[in-house]
Amino acid sequence: MDRELPEESKKEQSRRRWLWIGAFALIIAGAVWGLRTSLSNSVNTIDIRLATAEIGNVENTLTSSGEILPDFEAVITSPITAVIQQIYLDAGASVRSGDKILELDKEFTQLNFEKLKDELELKRNGIVKLRWELEKSFYDLKINDSIKVLKISSLRADIENAQRLFKAGGGTRESIDQAEQNLRIAQLEKRQLENDIRIKQQTMRADIRESEIGAQIKEKDLQELQRKLQQANIIANRAGVLTYVNKNIGSKVAEGEVLARLADLGGFKVIGSISDNYADLIRVGIPVVVRINDTQLRGTLTNILPSVQNNIVNFDVQLEDKANKLLRPKMKVEVYPVTDAHHQVVRVANGAGFTGTPVQEVFVLRPDGKAERRTVKIGLANFDFVEIKEGIRVGERVIVSDMSKYKNVKELEIR
């Protein structure tokens, strides 16, 4: 028959059980702590990125964006107000000089041309008529002048007759005075007529010149309208590729409205955009790096637009290899203006481990396979390289990955 254990024995067994559980828990915790400690001081090579220090050039760059545009693009506008009648080519088509792009309805402009042509003919006929009228008027003045000459001769004869009669006792002094006065009046009238003739000659020249100028203006207007009619045949003026064509058949376009854009895809340029916070750092003539995926193209900043829109400054970049096969119209690219450059310095490939501060700590591999924390001084930096001023020698391997979780570790074992 089983006996019930004393209460003291039960308590003793319970204490032993809890002691064993506590000891086991301590062992497990110690093992976990040891494993974590050993792991925290080691890292797998597949989890890090290594770079070897070397001698080379480092450029300091600004980050901006850009767009690829054709080096040359002709804008074809409507020379007249007209309606789009027919489309022959669409955007993307390659064209040769003389190829027809679209056709405009020229009927209204043609009517204006004929009207202007008639007005010019009327103007020319008016000049001929004016010449006839002026010549007749001038001829009448000349005849009157001749009549005055004859009248003066007659009055002089009257004076001589009056003087002879007076000497013979058959005339009076008053008759002589009257004849002399009539001669003076006729002479004054002749002088007036001569002045009228001079003025009429000048007026004739001025009137004819005015009419001729009016006709010349009409003729120039006619030539301009004729030129516009010829240009209304919208054709390519050079070889290239159409980047835009107005395809709205039946729509009315005003004079000067864009109908098509023709680009020469043999060369491209870049239009860059950067925050106006960096406006004082960019200048004409500095080198520029343009990145297309993994390819880098070099160029030069050739122009800075004076206006600032939405806190953005735009600038032009002339590429060295402007015919590169990767270039496409309207392509978005990364643009890096170079503001400074150091040549033949110690450099390391850039990575997340570099924070951009002048002094920082990185891990450098030792010959024994471990990585030690080391303080280094940083110089110029760009998207590819970081200049090392102090702390790393040529040939040493550096962990360039983000190692912020090992900030309290002095040494790492590389597994």
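Which residue in strand 15 does S65 stand opposite? I looked this up first and found E334 opposite S65.

**Entry 1: confidence**

I note that the model is predicted. I read a mean pLDDT of 82 for the protein chain, with 89% of its residues at 70 or more. I find the lowest confidence in helix 1 (residues 7–40), where the mean is 60. The highest is in strand 14 (residues 312–319), at 94. Over residues 32–39 pLDDT stays under 50, and for these residues the model has one contact beyond four places in sequence.

**Entry 2: strand 15 and its partners**

I then followed strand 15 (residues 332–349) through its pairings. With strand 3 (residues 54–61), strand 15 pairs in the antiparallel sense over seven bridges; there I find T61 with V338 as its bridge partner. Strand 4 (residues 64–77) is joined to strand 15 by four bridges, and these two strands run antiparallel. Strand 12 (residues 287–292) also pairs with strand 15 in the antiparallel sense, over four bridges, and V289 stands opposite Y336 of strand 15. With strand 18 (residues 385–390), I count three bridges to strand 15, again antiparallel. In that pairing, A349 has F385 in strand 18 as its bridge partner.

**Entry 3: an open sheet**

I looked up a sheet of four strands, which is open, pairs antiparallel and has the order 8-7-5-10. Which strands stand at its edges? They are strand 8 (233–235) and strand 10 (252–253); each has a single partner strand, so one side of each is left without a neighbour in the sheet. The partner of strand 8 that I checked is strand 7 (residues 100–105), paired in the antiparallel sense over three bridges. Here K100 stands opposite I235 in strand 8.

**Entry 4: a nonpolar patch**

I find a nonpolar surface patch of about 300 Å², made by Y139, I143 and I147. Y139 is found in helix 2 (residues 107–168). Its relative accessibility is 52%, and Y139 therefore counts as exposed, the cut-off being over 50%.

**Entry 5: salt bridges**

I obtain a count of 15 salt bridges. Which residues are linked in a network of salt bridges? They are R366, D368, K370, E372, R374, R393, E396 and E411.

I took three pairs from this network. K370 forms a salt bridge with E411, with the closest N and O atoms 3.6 Å apart. K370 lies in strand 17 (residues 370–381) and E411 in strand 20 (residues 411–414), so this pair ties together parts that are 41 residues apart in sequence. K370 counts as partly exposed at 30% relative accessibility, and E411 is also partly exposed, at 32%.

R374 and E396 meet through their side chains in a salt bridge of 2.8 Å, N to O. Because R374 lies in strand 17 and E396 in the loop between strand 18 and strand 19 (397–399), the pair ties together parts that are 22 residues apart in sequence. I note that both R374 and E396 are buried.

E396 also meets R393 in a salt bridge, at 3.0 Å from N to O. Are the two residues of this pair buried or exposed? R393 counts as exposed, at 56% relative accessibility, whereas E396 counts as buried, at 12%. I record that E396 thus has salt bridges with R374 and with R393.

Note on methods. Residues are numbered from 1 along each chain as its sequence is written. This is a predicted model: local features need pLDDT of at least 70, side-chain atom pairs count only at pLDDT 80 or more; totals for chains, interfaces and linings use all residues. Side-chain values use heavy atoms; hydrogens and water are left out. pLDDT is the predictor's confidence in each residue, from 0 to 100. Contact means heavy atoms within 4.5 Å. Two strands pair if DSSP finds at least two bridges between them. Patches are made of residues with over 30% relative accessible area and no salt bridge: like charges are joined within 9 Å, nonpolar side chains (Val, Leu, Ile, Met, Phe, Trp, Tyr) within 5 Å. Accessible areas come from the Shrake-Rupley method with a 1.4 Å probe; for residues, only the protein chains shown count as cover. A salt bridge is a side-chain nitrogen of Lys or Arg within 4 Å of a carboxyl oxygen of Asp or Glu. Buried means under 20% relative accessible area, exposed over 50%, partly exposed in between (1.4 Å probe, protein chains only).
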